[in-house]
Amino acid sequence: MNEPLISVIIPTYEREEPLRDTLEDVLKQDYPAVEILVVDQTQNHKPEIEAYLQQLANDQKIKWFRVNWASLPGARNYAVRRATGDIIVFIDDDVKMPAGYLQAHARNYERQEVGAVAGRVFDRMKLADSQKKHQGDYEIEELPLQAMDPGIAWYHIDLVHTIKPQWVISARGCNMSYRREIFTKHGIWFDERFRGSAVREESDFCLRLRQTGYQIWYDPDASLVHLGEETGGCHDISTRSLKYQVTFYHNHFLMALKNLTPSQQVRLFAKLFDCHVLGNPPCNKSGSPIKIVTRAGFYTIGFIDALKTQIKSSWDQGQVYTELDEKVDG
């Protein structure tokens, strides 16, 4: 049986050695039909990285696209329009993967009901935290029922410690794949109004994907390690900055306003406040009154900002980077 062509899409921004190491891992994959698309939003690389990328492009080992803007959902859409694979795999530019990674994603698409695959993410920081907390390995077989409730699923989907394949409601952006027809036939694209680190942009995409009738399958064998580098990655790196905090809440509220019922929205907004503002588990943030008031301010500003974005959508869908792309048909 002929293996379907896989397009591996890697958006990158201000990453140097981690990007090179990620590409080395992809190039070592033993999958027979693969193309690699790098959407490079870095304006000036180190000379050695620039030379490395240029050599890969010259040797036709990668398709290297350079753009003069930075947007994670915009970069993903840009690459999909240039991809030729039947399966689209998205990874971050700071990951490590085992040899059979692409094969693990591909085999799931033999099942016609599968429209997307969520891979397991060995998150360096989260794994370390859980091991300290549990003093040993921490494994989950069955995700709780709450993990399929769009109102609160985001606090119950654990794609770090879950070891059993199963249906899920969403994937993680650093390790996910989709049938190409999700984009080309069903017209579902990443919403470019999700900002900064673009948190929840993949959740928004997956919630809309479910409307096609396709399902999202979690395969723990399709695993990689997300390094979580502290610089680059298409986002404002300082989580203490005003911009990051407002963006974080804006994106959560925008996902909810677009996709959730009123009752689901209430549950999400309440959990978001309880966890991220009050600092209760699983967030475990400082209970200082000053910090709670400050976080409540970010929460409120983020909600108002998302409400403005949603109202504006009645006349402007906000696909700014898609509109700039000359490859988009008139």
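## Ground rules

A residue is called buried when its relative accessible area is under 20%, exposed when over 50% and partly exposed in between, using a 1.4 Å probe and protein chains only. Helices (H or I, at least four residues) and strands (E, at least two) are DSSP runs numbered from the N terminus.

This is a predicted model, in which local features need pLDDT of at least 70 and side-chain atom pairs count only at pLDDT 80 or more, while totals for chains, interfaces and linings use all residues. Residues are numbered from 1 along each chain as its sequence is written, and side-chain values use heavy atoms, leaving out hydrogens and water.

## A covered strand

Let's start with strand β8, residues 175-179, where five of the five residues are buried. In a regular strand, side chains alternate between the two faces of the sheet. Both faces of β8 are covered: Asn175, Ser177 and Arg179 are buried on one side, and Met176 and Tyr178 on the other.

Which strands pair with β8 in the antiparallel sense? Strand β4 (residues 87-91) does so over five bridges, and strand β6 (residues 114-123) over three bridges. Strands count as paired if DSSP finds at least two bridges between them. On the β4 side, Ile87 has Arg179 of β8 as its bridge partner; Val117 stands opposite Ser177 in β8.

## An enclosed helix

Helix α3 (72-80) is largely enclosed by the rest of the structure, because nine of its nine residues are buried. Those buried residues include Leu72, Pro73, Tyr78 and Val80, along with the charged residue Arg76. At the N-terminal end of α3, Ser71 acts as a cap, with a side-chain oxygen 3.0 Å from the backbone nitrogen of Gly74. For reference, a polar contact is a pair of N or O atoms within 3.5 Å; within protein, one must be able to donate a hydrogen and the other to accept it, and residues adjacent in sequence count only if both atoms are side-chain atoms.

Arg76 has two rings to look at. Its charged end sits over the ring of Phe90, 5.7 Å from the centre, and Arg76 also lies over the face of Phe190, at 5.2 Å from the ring centre. A charge sits over a ring if NZ of Lys or CZ of Arg is within 6 Å of the ring centre and within 35 degrees of the ring normal.

## The nonpolar cores

In soluble globular proteins, nonpolar side chains tend to be buried together. A nonpolar core here is a set of buried Ala, Val, Leu, Ile, Met, Phe, Trp, Tyr and Cys residues joined through side-chain atoms within 4.5 Å. The largest one has 33 residues, and Phe90, Tyr178, Ile182, Phe183, Phe205 and Leu209 touch the most other members. Elements giving two or more residues to this core include β4, β6, β8 and α7 (201-209). Its largest share, four residues, comes from α3.

Another core, of 31 residues, lies apart from the largest one and has Ile10, Tyr31, Tyr52 and Trp64 among its members.

## Aromatic pairs

How many aromatic pairs does a search of the whole structure find? There are 21, where rings of Phe, Tyr and Trp (its six-membered ring) pair if their centres lie within 6.5 Å, with planes under 30 degrees apart counted as stacked, over 60 as edge-to-face and the rest as tilted. The rings of Trp69 and Tyr321 have centres 4.7 Å apart and planes at 35°, so this pair is tilted. Trp69 lies in the loop between β3 (63-66) and α3, and Tyr321 in helix α11 (residues 320-324), 252 residues apart. Trp69 is buried at 13% relative accessible area, whereas Tyr321 is partly exposed at 21%.

Tyr249 and Tyr299 make an edge-to-face pair, 5.7 Å centre to centre with 70° between the planes. This pair links helix α8 (residues 242-259), which holds Tyr249, to helix α10 (residues 289-312), which holds Tyr299. Tyr249 is buried at 0%, and Tyr299 is buried at 14%. Both belong to a cluster of ring pairs with Phe248, Phe253, Phe269, Phe273 and Phe303.

## A look at Thr22

Is Thr22, in helix α1 (residues 17-27), buried or exposed? Thr22 counts as buried, at 0% relative accessibility. Its side chain reaches the backbone nitrogen of Val95 at 3.1 Å. Beyond neighbours within four places in sequence, Thr22 is in contact (heavy atoms within 4.5 Å) with Ile10, Ile91, Asp92, Asp93, Asp94 and Val95.
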